[in-house]
Amino acid sequence: MSGFEGKHDQTGPNAKLGKTNKRAEKFAHITKVHPCYNEQLHDKVGRAHVPIAPSCNIGCNFCDRSLHNKEDMRPGVAGCILSPDEAIAHVDKIMDEEPISVVGVAGPGDSLDNDNTFEFFKKLDESHPEIIKCMSTNGLLLPDKIDDIAKCKLNSVTVTVNAVDPEILKDIVGFIHYHDKVYKGVEGAKILIKNQLEGIEALDELGIVVKVNSVLIPGLNDEHIVEIAKEVSNRGASLMNVLPLIPLNKMKDYPRPDCMLIEKVREEVEEYIPVFRACTQCRADAYGIPGKKSHDHNMGMTPQSHY
């Protein structure tokens, strides 16, 4: 375990938190209120994902985005797309009903590939400056958008990094669309990895806490995720979330990793960076208290009158 205490709670006071005490202090502040950064809060404190970002600039081979979907409970799914003003009204309504501490943009596409993300966070900071603000992204546009991110007053950003070796990533991401050009194969993978890692460093310099999501794909990156952990920890990430593949799209015939493989990889990863273990792989429009059946909702089940 290499100095870690409390194996199943890497977000507590004994967690190894990166290169500096300053980063640890920022991380500790987030873990007091963020259910996606502290396992002890995961079924006690609410969050809201607002679905305002439908477009995406990369093609992950396992991704199957779905709109107007009431049933699927997974990332990339939303019951509708909201405008920034509709999203603010949605947050106001939720806060009257649930103990919400965090509001984030998690798709159903990529947050940074949609200008509405920045407009929404500006409005949210004006109406609810006290709330924790976060977003998730594939990281392709992080270096390009870092100044816009700084203006949003974000507290945390989750970056999905599925490989730091382009020979592996080329089999996970089919293409990227960057600066009006499509790149495929190793060429596209190299650009994506470079931007992700530079972006994580830039976020850390801004004082924004970084969590890294990695999708565990048996036979493809399962032995490589520990290398991701080493690299992102050195770049400034404070937490890592290892997610099991949901076999869909071009990877529909891949096996879903079993619990033993997931735990093995998580144990390897936590030698280098704390691991979050309570993720429920939420929809892009999820809100309420994650994992608490009567308090975990999504907009696929929300009446039109709500927003």
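The legends below accompany several close-up views of a predicted model.

**View 1. Three strands, E2, E8 and E9, form an open sheet.**
In this view of the predicted model, the strands lie in the order E2-E8-E9, and their pairing is antiparallel. Strands of a sheet pair through backbone hydrogen bonds, and the pairing can be either parallel or antiparallel. Strand E2, which covers residues 58-60, and strand E9, which covers residues 181-184, stand at the edges of the sheet, and because each has a single partner strand, one side of each is left without a neighbour in the sheet. On average, and with direction ignored, neighbouring strands of this sheet are turned by 20° against each other.

**View 2. Strand E2 pairs with strand E8.**
Here the focus is on E2 and on strand E8, made up of residues 173-178, which pair in the antiparallel sense over 3 bridges. A pair of residues to look for is Ile58 and Ile176, since Ile58 stands opposite Ile176 in E8.

**View 3. The structure holds 1 cavity of 30 Å³ or more.**
The space in the largest cavity comes to about 40 Å³. Its lining includes Leu169, Val173, Gly174, Phe175 and Ile176, and also Tyr183, Lys184, Gly185, Gly188, Ala189 and Leu192. The elements that give two or more residues to this lining are E8, E9 and helix H6, the last of which spans residues 185-206. Sorted by class, the lining of the largest cavity has 7 nonpolar residues, 3 polar residues and 1 charged residue. Ile176, which stands opposite Ile58 in the view of the strand pair, is thus met again here as one of the lining residues of the cavity.

**View 4. Glu130 lies in the loop between helix H3 and strand E6.**
The loop that holds Glu130 connects two elements, helix H3 (116-127) and strand E6 (132-137). Is Glu130 buried or exposed? Glu130 has a relative accessible area of 54%, and it counts as exposed because this value is over 50%. Although Glu130 and Ser101 are 29 residues apart along the chain, their C-alpha atoms are separated by 8.8 Å.

**View 5. Lys122 has its place in helix H3.**
The relative accessible area of Lys122 is 56%, so Lys122 is described as exposed. Another lysine to find in this view is Lys153, which is 31 residues apart from Lys122 in sequence, while the two are 8.3 Å apart in space, taken from C-alpha to C-alpha.

Technical notes:
Residues are numbered from 1 along each chain as its sequence is written. This is a predicted model: local features need pLDDT of at least 70, side-chain atom pairs count only at pLDDT 80 or more; totals for chains, interfaces and linings use all residues. Side-chain values use heavy atoms; hydrogens and water are left out. Two strands pair if DSSP finds at least two bridges between them. Helices (H or I, at least four residues) and strands (E, at least two) are DSSP runs, numbered from the N terminus. Axes are lines fitted to C-alpha atoms, for helices over the stretch in contact, and angles run from 0 to 180 degrees between N-to-C directions. Buried means under 20% relative accessible area, exposed over 50%, partly exposed in between (1.4 Å probe, protein chains only). On a 1 Å grid over the protein atoms alone, a cavity is a set of points where a 1.4 Å probe fits but cannot get out, and a pocket is an open set with protein on both sides within 12 Å along at least five of seven lines; lining residues have an atom within 4 Å of a point. Grid points are joined across faces, edges and corners, and a volume is the space filled by probe spheres set on the points. Ala, Val, Leu, Ile, Met, Phe, Trp, Tyr, Cys and Pro count as nonpolar, Asp, Glu, Lys and Arg as charged, and the others, Gly among them, as polar.
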